[in-house]
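Hi everyone, thanks for coming. I'd like to walk you through a structure that is new to most of us, so please have a look at it first.

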Amino acid sequence: SKKRSTLGAALVMTAPGIPMLFQGQEVLEDEYFRDTDPVDWSKLVTFSGIRDLYRDLIGLRRNLGGVTAGLKGQHINVHHVNTGAKVVGFHRWDQGGPGDDVVVLANFSHTTFPSYRIGVPRPGLWRLRFNSDSGVYDPAFSNHPSVDVTATAVPYDGMQYSVDLSIAPYTALVLSQ
């Protein structure tokens, strides 16, 4: 359930529009939202890694590192939909170009894909900025080795370039240049 919850958080924080979070979502509050039930702040310690995941996603969304400006823009191209594998990929951008183009890949299945191809809008090195499966967020996560990848001139998903990467189950990856 943690993996699915964090996959959902990654989608909320990388989709166009204003991201909305429920009270206590970042500390995995375990009941439905009620304004009469205060957040259990002791969970900040228990789920500090999940809180850090939200912090990192918010930093990417706000472009604090200067390499994900596209997440602030309104443009989106959902260019990869693999219904059978339950994998979706999309490109976000504001003006386009290095520091602006962002590609998000989301695996909604229980399958690990050690070699998965997806189209990207530009050639060159695509750095992994976020991996929701990272062990720093929760020791139960598999810490699957998704890494930076270099785009090759292999057309895919209607784009001139593509990358071959690896993705764990119920995981979101965020890449940018």
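Let's begin with a question: which residues of H3 are buried? Before I answer, some ground rules. This is a predicted model, where local features need pLDDT of at least 70 and side-chain atom pairs count only at pLDDT 80 or more, while totals for chains, interfaces and linings use all residues. Residues are numbered from 1 along each chain as its sequence is written, and side-chain values use heavy atoms, with hydrogens and water left out.

Okay, back to H3. The buried ones are Gly49, Ile50, Asp52, Leu53, Tyr54, Leu57, Gly59, Leu60 and Arg61. By buried I mean under 20% relative accessible area; exposed is over 50%, and partly exposed is in between, using a 1.4 Å probe and protein chains only. And when I say helix or strand, those are DSSP runs numbered from the N terminus: H or I with at least four residues for helices, E with at least two for strands.

What sits over those buried residues? The cover includes helix H1 (2–14), strand S2 (87–93), strand S5 (124–131) and strand S8 (171–176). Contact, here and later, means heavy atoms within 4.5 Å.

H3 also passes a little ruler test. The helix has 14 residues, 48–61, and at 1.5 Å a residue it should span 20 Å; its end C-alpha atoms are 20 Å apart, which agrees. The expected span is 1.5 Å times one less than the number of residues.

Now let's zoom out. The chain has three helices and eight strands, and from the N terminus they run α-α-α-β-β-β-β-β-β-β-β. The radius of gyration is 16 Å, close to the 16 Å from the globule rule for 177 residues, so the chain is as compact as a globular protein of that length. That radius is taken over C-alpha atoms, and the rule is 2.2 Å times the number of residues to the power 0.38. The C-alpha atoms fill a box of roughly 55 × 35 × 25 Å along the principal axes. Of the 177 residues, 46% count as buried. If you take contacts between residues at least 6 apart in sequence, 60% of them join residues at least 24 apart.

On to the inside. In soluble globular proteins, nonpolar side chains tend to be buried together. A nonpolar core, for us, is a set of buried Ala, Val, Leu, Ile, Met, Phe, Trp, Tyr and Cys residues joined through side-chain atoms within 4.5 Å. The largest one here has 21 residues, and Leu53, Leu57, Phe130 and Val174 touch the most other members. H1, H3, strand S3 (102–107) and S8 each supply at least two residues of this core, and H3 gives the largest share, with five. There is also a second, separate core of 17 residues, including Leu105, Ile118, Val120 and Leu165.

Which residues does Phe130 touch, leaving aside neighbours within four places in sequence? Among them are Ala10, Leu53, Leu57, Leu60 and Val174.

Next, two histidines in strand S1 (75–82). His80 is in S1 and is buried, with a relative accessible area of 5%. Its side chain makes a polar contact of 2.6 Å with that of Tyr116. A polar contact is a pair of N or O atoms within 3.5 Å; within protein, one must be able to donate a hydrogen and the other to accept it, and residues adjacent in sequence count only if both atoms are side-chain atoms. His79 is found in S1 too, and at 10% relative accessibility it counts as buried. Beyond its sequence neighbours within four places, His79 contacts residues including Gly89, Phe90, His91 and Asp157.

Last stop, the loops. Most residues other than glycine have a negative phi. Lys86 isn't a glycine, yet its phi is positive, about 65°. Lys86 sits in the loop between S1 and S2 and is partly exposed, at 49% relative accessible area. Asn143 has a positive phi too, near 55°; you'll find Asn143 in the loop between S5 and strand S6 (149–151), partly exposed at 47%. And right after H3 comes Asn63, with a positive phi near 60°.

One more thing: Gly66, in the loop between H3 and S1, has its C-alpha atom 6.3 Å from that of Gly99, 33 residues apart along the chain.
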